[in-house]
Amino acid sequence: MTNILLTGVGGQGTILTTKILSAALVKLGYDVKMSEIHGMSQRGGTVNTQLRYGEKVYAPNISQGEADLIVAFEKVEALRALPYLKKGGTIVMDDREIYSMPVLIGAQEYPHNAVELLKETADSVIVIPASRIAEELGNIKVQNICLLGALAGTLELNGVDWNAIIAENVPAKTVSLNQEAFKRGRESALSV
Amino acid sequence: MEKILMSGDEAIARGAWEAGVCVASAYPGTPSTEILENMAQYKDDLYCSWSNNEKTATEIAFGASLGGVRAMVSMKHVGMNVAADPIFTAAYTGVNGGLVIVSADDPGCYSSQNEQDNRLYALHARLGMLEPSDSQECLEYTKAAFELSEKFDLPMMIRVTTRVCHSKSVVQTGQRNEIKPLPYVSNPEKYAMLPANARVRHVQVEKNLEALKDYAETCALNKTIYNEGDIGIICSGICYMHAREAFGDSASYLKLAVTHPLPDKLIKAFCSKVKTVYIIEEGEPYLENAIKALGIECSGKNRLGPQGELDAQRIRAAFGLGEPPEIYPQPAQAPARPPVLCAGCPHRGFYFAMQKHKDSIVAIGDIGCYSLGVSAPFFGFEACICMGSGFSIPIGLSIALKRQGDKRKVIGILGDSTFYHSGFNSLVDAVHQMADVCLVILDNSITAMTGHQVNSGVERDLMGREVPVIPLEGMVMSAGLDKDRVRIVDPIDQQAMNAAIEAAVSTQGTFVIISRRPCALLKEEIRLRAGRHCEIDRELCRGCKACTKTACPSLAFEGKKAYIADAANCTGCGLCLQMCRFGAIKTVGG
Ligand SMILES: Cc1ncc(C[n+]2csc(CCOP(=O)(O)OP(=O)(O)O)c2C)c(N)n1
């Protein structure tokens, strides 16, 4: 059984990423369950999706200390999700900062050194500059697919036609852009 | 057949379509909303439409069932409170075409105002009830529910929870079974529930439930899994998955699909084969009380409690199954990330203006995106309990405050969808009772909170038909308010909004403000404003922070200057611009 927690901020596309990954896992013949509690996600709150795959999956959600992998789309969200990480598990994260309202109005401090803190605490932290790659490619929105590429690289999932699955799941106009973002993310993870 | 991933909600919609459903109605509410949204893809085969509230939605489905076709209504748990009136008596009349009522409960309050356990409604209203635990079962049980509804002449309830609705799992789908409508035959003894008929029908309902109970004793939907060991677990819905995860093969399971009426003999037989019986359920001790009433010793609620959502870890901890997994210590506090009003949200304009009048008002809110105005920095209202109440609580509150010499004006706040839902009734009460209140409709022209469902103020319906718009101001005026007691204001225009609130506060009697501007996330709005955003001139900015008081997520402050941190999401609405005394902010593009 493999447990993955994806976490980000409403609007970053965590749900789509989880959906594409799940589709690939189903094609590989795994039993897959994913949980995506979304209520007020569009309104700038934290969004978590959880994905479990293996031979047979019962519960769709992950408890604290059970995630083999955390994929964080934003720095403090990685920090927030840390209690979910299994001892010895891996964090794949973007070092992007998105300021929440308490930070914007100066009521709370943003821990800019979150990556260093996480590296000191957890055993395996892989930082992927997905937002920067996405910006280089000309559209910040493909950050999520870039992280998906990194995730696919980290999980070493073989035998998946990622380009085809991406094409099935993103708007027609952005297929090649997303495929490129995926490739860059994957390379970035493999080079770590 | 291809295996695909589906959420519980999608699978219920698919199951209903496969079962030949002809009419599907609902009022949106998380986590049930996607059920009807997904029906729209089958619109060539069926009729589906959003209603204004759960009661009318239920009655529309009931009418379709009466007319001989299969019908389904779906709602969130609190929606069932609104629909309870027709539901309780629909059990007495029974059905013609199969009638399925979906209740989506929300243990853990992910997006609700309470955690009520609607399994108790099935018991109380005398409905049959099925509880699926994953998407495949959502599909299969929905199909079964239509069959059972017709076979036992009972409305059937499908009870799901957030974790079932919003989890995806692998589903094998089937084809649609097109069903010939049953003839509509006039039968007032069965369907006209006057006392004389109702007394007779009550006897019949109990008989129908007895028959369904007999069926449940042996039906293949309920499953028993025997393993080694003394422990037997009885559970239903998602709790089976959590229990199975926690106890694994160290316990035996009775997984109930039909949870009303309960199969007593099956339960007794299972319990006789194990030494210790645990009941694992979220919410109320619904199963536990019923099983104890059979004279069976069992427990569970004493360890799990009635609050919150269960997961495997919580069950392990409650039953002492191993040590909790080690977790990493948190090296720093992550700043909170509460959901906020979006950049360009029209509600922000209203709350910002209202702040200025804090001392002369007491505000009561309601449920919608605008509920987010309750917290910092606006602290926009002080109470909210249920949809529509934002316009009726003020009536009572204003009377109470007057009694103790409190001269503040009571303001009620609710959205357009909430007004259509039940707020109009409250408005009529206010006007008729000559209440001294100001009632504000935050009209963003959509049901935004639940993800942009159309309502009676929109000219297209779920099936894409062009439909008549029911204008809010027409409804307000129809209640008999004079023109000078009704203002329609753009909430971003602070001068106009301030003037309207001032007029409301200084006018004795009922006053209505329609705060009107479309939701900034509407596709049409995004298209119209493409490229438009605000810009702050660093030279002109004096760092006074007046603009940051709008609490716009696109605006940030650093190095003694305000700046637009997120131009992509800034809509250029211009609220911040009105705060700047130095002319540093302007709208560009678009
Ligand atoms: C009885 C009931 N039904 C449904 C809901 C779910 N719900 C919460 S807010 C809301 C819609 C609010 O829409 P509107 O009043 O237009 O405000 P907006 O979110 O657009 O600002 C709904 C359907 C609920 N809380 N209670």
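How much area is buried between domain 1 of chain B and domain 3 of chain B, and what percentage of it do carbon and sulfur atoms give? In this predicted model, the answer comes to about 1400 Å², with carbon and sulfur atoms giving 58%. The two domains are part of a four-way split of chain B: domain 1 covers 3–180 + 189–216, domain 2 covers 223–318, domain 3 covers 346–524 and domain 4 covers 529–588. Measuring from C-alpha centre to C-alpha centre, domain 1 of chain B and domain 3 of chain B sit 32 Å apart. Their contact draws on 19 residues from domain 1 of chain B and 18 residues from domain 3 of chain B. On the domain 1 side, three residues do a good part of the work: Tyr27(B), Trp50(B) and Asn52(B) supply 36% of the area that this domain of chain B buries against domain 3, more than any other three residues.

These two domains turn up again around the ligand. Each of domain 1 and domain 3 of chain B puts at least three residues into the shell around the ligand. That shell counts 26 residues, and the closest are Glu54(B), His347(B), Cys369(B), Asp416(B) and Thr418(B). Sorted by character, the shell residues come out as 11 nonpolar, 12 polar and three charged.

Now for the polar contacts. A polar side-chain atom of Asp416(B), already listed with the closest residues, is 2.7 Å from an oxygen atom of the ligand. The backbone joins in too: a polar backbone atom of Met449(B) lies 2.9 Å from a ligand oxygen atom, and for a polar backbone atom of Ile446(B) the distance to a ligand oxygen atom is 3.1 Å. As for cover, the ligand on its own has 590 Å² of accessible area, and the protein covers 98% of that. In terms of secondary structure, the elements giving two or more residues to the shell are helix H4 (79–93) and helix H17 (416–432) of chain B. H17(B) has the largest share, at four residues.

Moving out to the other chain, the contact between the two takes 53 residues from chain B and 57 residues from chain A. Together, chain B and chain A bury about 4800 Å², and 61% of this is on carbon and sulfur atoms. Within chain B, the residues that lose the most area to chain A are Tyr328(B), Pro335(B) and Arg337(B), which together make up 20% of what that side buries.

A few backbone details in chain B are worth a look as well. Two peptide bonds leading into proline are cis: the one from Thr30(B) to Pro31(B) has omega near 5°, and the one from Ala376(B) to Pro377(B) has omega near 0°. Pro31(B) belongs to the loop joining strand E2 (23–26) and helix H2 (33–39), while Pro377(B) is in the loop that runs between strand E14 (361–364) and helix H16 (389–403). The loop between E14 and H16 of chain B also holds Phe379(B), which is not a glycine yet has a positive phi of about 45°. Another non-glycine residue with a positive phi is Lys560(B), with a value near 65°. Lys560(B) is placed in the loop between strand E20 (555–558) and strand E21 (561–564) of chain B.

Key. Residues numbered from 1 in each chain as written. Chains lettered and ligands numbered in written order. Predicted model: local features only at pLDDT ≥ 70, side-chain atom pairs only at ≥ 80, totals over all residues. Heavy atoms only, no water. Near = heavy atom within 4 Å. Polar contact = N/O pair within 3.5 Å; in protein donor to acceptor, adjacent residues only side chain to side chain. Areas by Shrake-Rupley, 256 points an atom, 1.4 Å probe, with all protein chains shown as cover. Nonpolar A, V, L, I, M, F, W, Y, C, P; charged D, E, K, R; others polar. Domains from an automatic or database assignment. Contact = heavy atoms within 4.5 Å. Buried area = accessible area lost by both parts, 1.4 Å probe.
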